[in-house]
Amino acid sequence: MLTKKEFITSDGLEILHLVMCSCPDSPTNGGREAKLILKKFSEMKTDIDFARFSESMNAWKKKYAEHADSCLLDALYDVYAHIKEVSGLTVDGISIIHFFSGQHHAEKIWAEILNEHGKDWGMIYARKVLFAHMLVVMRIESIEGDRVHGVYEDGENIITMRNVLSFSDDLQPHDVVLVHYGFVLKKASKKESENTLRGNFHSGLFSETRKLIRDNGIDFEDMHYFPRSLKIAKGEI
Amino acid sequence: MCLTLPKKVIEIKENSVVVENHDGNRQELKTLIELAVGDFVISQQNIILEKLEEDEAMEIISLLDKNH
């Protein structure tokens with residue numbers, strides 16, 4: 001009887017790595033090592049047996065076992081554990097997209113926002129923080145130096161997005177791209193765009209959020225973590 | 001989840017650290033790094049991960065204040 005192996009595909013690793021790179025905290029939340037592991041795997045441009053992937057992650061988890069009440073690889077391991085519940089044997093780019101565009105991710109972020117600041121934050125800003133933290137699709141309208149400006153459109157809402165940074169320098173107006181935490185991750189294929197929007201729509205919390213911020217739009221230069229995002233863009237952290 | 005919110009260390013206990021955010025809210029957190037009262041830090045899931053330079057922390061706080 002053949003044993004079926006579980007895989008994370010190369011495109012899944014690529015998107016996961018880019019998502020992690022866009023996070024202002026990930027270099028520091030134990031994520032420095034996680035990012036190196038991810039980078040190594042994604043550069044191999046091949047599907048990776050989950051056992052090998054999780055072995056690296058588990059070794060890191062054990063190192064911090066004394067802090068077992070909270071896994072420092074939460075952003076990564078939680079992603080993978082959740083995806084495995086819904087994806088079956090293979091985790092690919094679409095699985096990763098579904099995770100970061102959908103309800104589970106939105107709820108975790110919102111819970112953290114309420115835990116940290118609750119009623120002290122203005123509602124619109126809190127919702128902008130949530131929006132920025134989700135994987136979305138943006139159509140580029142213009143590029144000024146290292147800043148990309150565009151719009152998010154989902155058929156119900158049009159949200160302007162300004163001062164997005166980028167991991168890609170091969171961008172043009174009208175390109176459709178994946179954006180997470182104020183960074184263009186990559187150009188989006190039609191399938192990637194559709195699945196990102198689908199994830200966004202499946203989240204009631206995120207749907208409500210988009211309605212609340214559409215009149216204001218989002219300017220990433222105004223977001224509190226932008227100074228760190230700039231450092232990420234320059235390769236300083 | 002990573003929100004990149006600077007907090008100031010106001011008390012160091014035997015097994016935890018008390019921090020205060022720019023709104024004056026306090027939390028008691030665990031830490032992976034050595035700290036001193038007055039240090040600015042970032043935390044996630046109630047664990048302190050990193051010290052911030054004061055100027056970086058103040059820059060982030062200034063943006064937070066602007067958005068309130």
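## The buried side of helix α8

In this predicted model, the residues A:E192, A:N195, A:T196, A:G199 and A:N200 of helix α8 in chain A are buried. They lie on the same side of α8(A), because the arc that they cover around the axis is only 140 degrees. The opposite face, turned away from this buried side, carries A:K190 and A:K191, both of them exposed.

Helix α8 of chain A runs over residues 190-202, and its 13 residues reach 18 Å from the first C-alpha to the last, which is close to the 18 Å expected at 1.5 Å a residue. The cover over its buried residues includes two helices of chain A, α5 (93-101) and α9 (204-213), together with the strands β4 (136-144) and β7 (176-180).

## A:S101, a contact point for α8

One residue of helix α5 in chain A is A:S101, and it counts as buried because it has 26 C-beta neighbours inside 10 Å, where 20 or more are required. Leaving aside residues up to four places away in sequence, A:S101 touches A:T196, A:G199 and A:N200, and its other partners are A:M134, A:L135 and A:V136. A:T196, A:G199 and A:N200 are also among the buried residues of α8(A).

The pair A:S101 and A:T196 shows how positions far along the chain are brought together: 95 residues separate them in sequence, while their C-alpha atoms are separated by 5.6 Å.

## How the domains of chain A meet

Chain A is divided into domain 1, covering residues 7-101, and domain 2, covering residues 107-233. Their contact takes 13 residues from domain 1 of chain A and 18 residues from domain 2 of chain A. On the side of domain 1 that touches domain 2, the helices α1 (10-22) and α5 of chain A each supply at least two residues, and α5(A) gives the most, with 6 residues. By class, this side of domain 1 of chain A has 9 nonpolar and 4 polar residues, and no charged residues.

## Helix α6 and its two faces

Helix α6 of chain A, residues 103-116, has 14 residues and reaches 20 Å from its first C-alpha to its last, close to the 20 Å expected at 1.5 Å a residue. Its buried residues are A:H105, A:A106, A:I109, A:W110, A:I113 and A:E116. Seen down the axis of α6(A), these residues fall within an arc of 130 degrees, and therefore they line one face of the helix.

The face of α6(A) turned away from the buried side carries the exposed residues A:A111 and A:L114. What covers the buried residues of α6(A) includes α5, α7 (123-133) and α9 of chain A; of these helices, α5 and α9 are also included in the cover of the buried residues of α8(A).

## Chain B

Chain B contains 1 helix and 5 strands, which follow one another along the sequence in the pattern β-β-β-β-β-α. Its radius of gyration is 11 Å, which agrees with the value near 11 Å that a compact globule of 68 residues would have. Along its principal axes, the C-alpha trace of chain B spans about 35 × 25 × 20 Å.

Of the 68 residues in chain B, buried residues make up 35%. Among the contacts in chain B with a separation of 6 or more, 31% are accounted for by residues 24 or more positions apart.

Terms used. Residues are numbered from 1 along each chain as its sequence is written. Chains are lettered from A and ligands numbered from 1 in the order in which they are written. This is a predicted model: local features need pLDDT of at least 70, side-chain atom pairs count only at pLDDT 80 or more; totals for chains, interfaces and linings use all residues. Helices (H or I, at least four residues) and strands (E, at least two) are DSSP runs, numbered from the N terminus. The expected span of a helix is 1.5 Å times one less than its number of residues. A residue is buried if 20 or more other C-beta atoms lie within 10 Å of its own, exposed if 12 or fewer, and partly exposed in between; C-beta atoms are placed from the backbone. The arc is that of the directions from the helix axis to the C-beta atoms. Two residues are in contact if their C-beta atoms, placed from the backbone, lie within 7 Å. The radius of gyration is taken over C-alpha atoms; the globule rule is 2.2 Å times the number of residues to the power 0.38. Domain bounds come from an automatic or database domain assignment. Ala, Val, Leu, Ile, Met, Phe, Trp, Tyr, Cys and Pro count as nonpolar, Asp, Glu, Lys and Arg as charged, and the others, Gly among them, as polar.
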